[in-house]
Amino acid sequence: MTTVQHLHDLPDTTKTATKPAGMPPFARAFHLLCPGPVNVADSVADALAYAEFGHREPEFEALLRATEDALLQIAGLDPSRHAAVLLTGSGTAANEAVFASHRPLSGTTLVLTNGEFGERLATLARYHHARVETLSAPWGAPLDLGALSARLARGDVTFVAMVHHETSTGMLLPVEEVGALCRAHGIALFVDAVSSFSADPLDIASWGVTWASTSAGKALAAYPGVSVVFGSHESFTSLARFEASSHYLNLARHYEAARTCSQTPHTPAVPLVSALWAAARLVLEEGVEERMNALRRRQRILEQAAWTLGIRTLLPPTAPRSRVLTTFLLPKGVSFDWLRDALRARGFVVYGGKGPLAGRVFQVSTINVSEEVLQAFVLALRELFRSGTHIDPVPLRAAGARGA
Ligand SMILES: *Cc1c(COP(=O)(O)O)cnc(C)c1O
């Protein structure tokens with residue numbers, strides 16, 4: 001009989017990512033060219049399968065600390081000034097946690113919207129904040145910073161919320177400029193960086209960002225199901241002034257549990273945290289800047305290939321665009337359903353448009369896409385849109401009208 005001296009003497013329970021018998025062949029059959037979910041690296045899959053330990057064990061506490069540290073490092077934040085709080089739940093959970101935990105005692109919450117995800121922020125804000133207003137532009141059109149400045153000057157706005165990368169159009173919103181305005185007026189700023197974190201530059205510490213959220217299943221390239229809220233220690237401690245409107249999504253409780261005992265208030269999705277840790281490590285190994293540059297390179301390759309086929313982008317080249325994905329106008333006479341099915345048949349998954357863009361665009365993301373897969377995708381596009389002569393792109397009125 002063998003006696004187990006130490007944890008490491010136990011048999012290794014590492015699972016492999018082989019398709020379990022009887023499972024339909026969806027697991028790894030597709031190249032996911034969406035902004036999330038994405039194809040994860042093998043080490044991320046291994047980290048998920050390896051994480052068979054209880055969340056009230058020291059292994060989890062070490063894992064949580066290591067994950068928080070890696071996320072702060074990716075964000076370029078100093079752990080002595082900022083914290084990263086992990087939540088079990090998709091990106092919306094992190095967004096809702098911010099609104100439910102930081103509830104201004106007075107004044108107006110202003111949500112900036114020019115797409116689906118800005119509108120979702122406004123919806124969430126209305127559940128938890130007393131007075132909510134939006135400052136809107138059409139989908140894909142730039143926000144009017146002059147109007148924002150005038151609105152903030154009226155003095156009653158105490159909280160501003162905005163998306164960093166508006167995933168429904170691919171537009172990057174001017175967080176630095178909005179942050180400067182908010183700071184000048186002493187207004188809290190919440191930035192939904194769910195689809196941009198680790199892919200597009202975001203300087204939380206120096207841009208006047210009070211809260212920033214992200215999720216594991218987007219540019220960080222782990223699995224969906226855990227999300228993150230960044231804030232200064234001061235911001236987290238000052239949450240005690242507000243009455244939270246959610247128990248489960250109360251950031252103050254999460255912060256307290258993490259600070260005092262490296263724990264979470266409720267059962268966390270341990271395997272998903274483990275996978276996020278592995279994905280964050282990969283980002284740091286690659287280098288945050290190098291990763292951002294590589295995303296831009298892949299985006300250029302894709303856009304150039306599309307241009308030669310007569311496929312135009314929704315946003316003009318002068319618009320601030322996220323590196324994460326490109327929104328293409330569907331050529332005249334091409335339905336999204338046909339394109340999606342044709343690409344799926346070739347092993348690729350792309351997304352269509354939402355709201356006013358439904359049926360008018362397709363979106364391609366290259367988060368964890370190798371050059372080889374990208375080239376294969378370009379070939380598939382060529383095959384589908386051969387000569388390009390039948391293509392007559394229809395400019396969208398709702399989008400990019402101003403300054404386009
Ligand atoms: C994906 C996304 C979210 C969160 O969506 P979930 O479905 O909860 O993951 C929020 N904001 C933006 C900008 C996103 O791209």
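The following conversation asks how several descriptions of this predicted model are justified.

Biologist: Which residues are placed around the ligand, and what makes a residue count as near a molecule?

Modeller: The residues around the ligand are Ser 90, Gly 91, Thr 92, Asn 95, Phe 117, Val 163, His 165, Thr 167, Asp 192, Val 194, Ser 195 and Lys 218. A residue counts as near a molecule because one of its heavy atoms lies within 4 Å of it. Helix α3, residues 91-101, supplies the largest share of this shell, with three residues, and the shell as a whole divides into three nonpolar, seven polar and two charged residues.

Biologist: How do you know that Thr 92 makes a polar contact with the ligand?

Modeller: A polar side-chain atom of Thr 92 lies 2.5 Å from an oxygen atom of the ligand, and a polar contact is a pair of N or O atoms within 3.5 Å, so the pair qualifies. By that cut-off Gly 91 qualifies too, because a backbone N or O atom of Gly 91 lies 3.3 Å from an oxygen atom of the ligand. Asp 192 offers a polar side-chain atom at 2.7 Å from a nitrogen atom of the ligand. As for cover, the ligand taken alone exposes 380 Å², and the protein buries 84% of that.

Biologist: What is the order of the open sheet of seven strands, and which strands are its edge strands?

Modeller: The order is β2-β10-β9-β8-β5-β3-β4, and the pairing is mixed. The edge strands are β2 (82-88) and β4 (132-136), each of which pairs on one side only. From one strand to the next, the twist averages 20 degrees.

Biologist: What makes β8 and β9 a pair of strands?

Modeller: Two strands pair if at least two bridges are found between them, and strand β8 (residues 188-192) and strand β9 (residues 211-215) have three, so they count as paired, in the parallel sense. Along this pairing, Phe 190 has Trp 211 of β9 as its bridge partner, while Asp 192, which is also one of the residues around the ligand, stands opposite Ser 213 in β9. Strand β9 is also joined to strand β10 (residues 226-232) by five bridges, and these two run antiparallel; there the bridge partner of Ala 212 is Phe 230 in β10.

Biologist: Why is β9 called largely enclosed by the rest of the structure?

Modeller: Five of the five residues of β9 are buried, so the strand is described as largely enclosed by the rest of the structure. Trp 211, Ser 213 and Ser 215 point one way from β9 and Ala 212 and Thr 214 point the other way, and all are buried. In a regular strand the side chains alternate between the two faces of the sheet.

Biologist: Why is Ala 252 called partly exposed, whereas Ala 221 is called buried?

Modeller: Buried means under 20% relative accessible area and exposed means over 50%, so Ala 252, at 26%, falls in between and counts as partly exposed. Ala 221, at 4%, is under the lower limit and therefore counts as buried. Ala 252 is found in helix α8, residues 251-261, and Ala 221 lies in the loop between β9 and β10.

Biologist: What is noted about the phi of Ala 221 and of Ser 262?

Modeller: Most residues other than glycine have a negative phi, and most peptide bonds are trans. Ala 221 has a positive phi of about 65 degrees although it is not a glycine, and the phi of Ser 262 is near 50 degrees, again a positive value in a residue other than glycine. Ser 262 lies in the loop between α8 and α9 (270-286), and with a relative accessible area of 9% it is under the 20% limit and so is called buried. As for peptide bonds, a cis bond joins Gly 36 and Pro 37, with omega about 5 degrees, and Pro 37 lies in the loop between β1 (31-32) and α1 (42-50).

Biologist: How do you know that β13 and β14 are paired?

Modeller: Two bridges join β13 to strand β14 (residues 361-365), and at least two are needed, so the requirement is met, and the strands run antiparallel. The bridge partner of Tyr 351 in β14 is Gln 363. These strands belong to an open sheet of three, in the order β11-β14-β13 with antiparallel pairing, whose edge strands are β11 (325-329) and β13 (351-352).

Conventions: Residues numbered from 1 in each chain as written. Predicted model: local features only at pLDDT ≥ 70, side-chain atom pairs only at ≥ 80, totals over all residues. Heavy atoms only, no water. Polar contact = N/O pair within 3.5 Å; in protein donor to acceptor, adjacent residues only side chain to side chain. Areas by Shrake-Rupley, 256 points an atom, 1.4 Å probe, with all protein chains shown as cover. Helix = DSSP H or I, 4+ residues; strand = E, 2+ residues; numbered from the N terminus. Nonpolar A, V, L, I, M, F, W, Y, C, P; charged D, E, K, R; others polar. Buried < 20%, exposed > 50% of the residue type's maximum accessible area, 1.4 Å probe, protein only. Axes fitted to C-alpha atoms, helices over the stretch in contact; angles between N-to-C directions.
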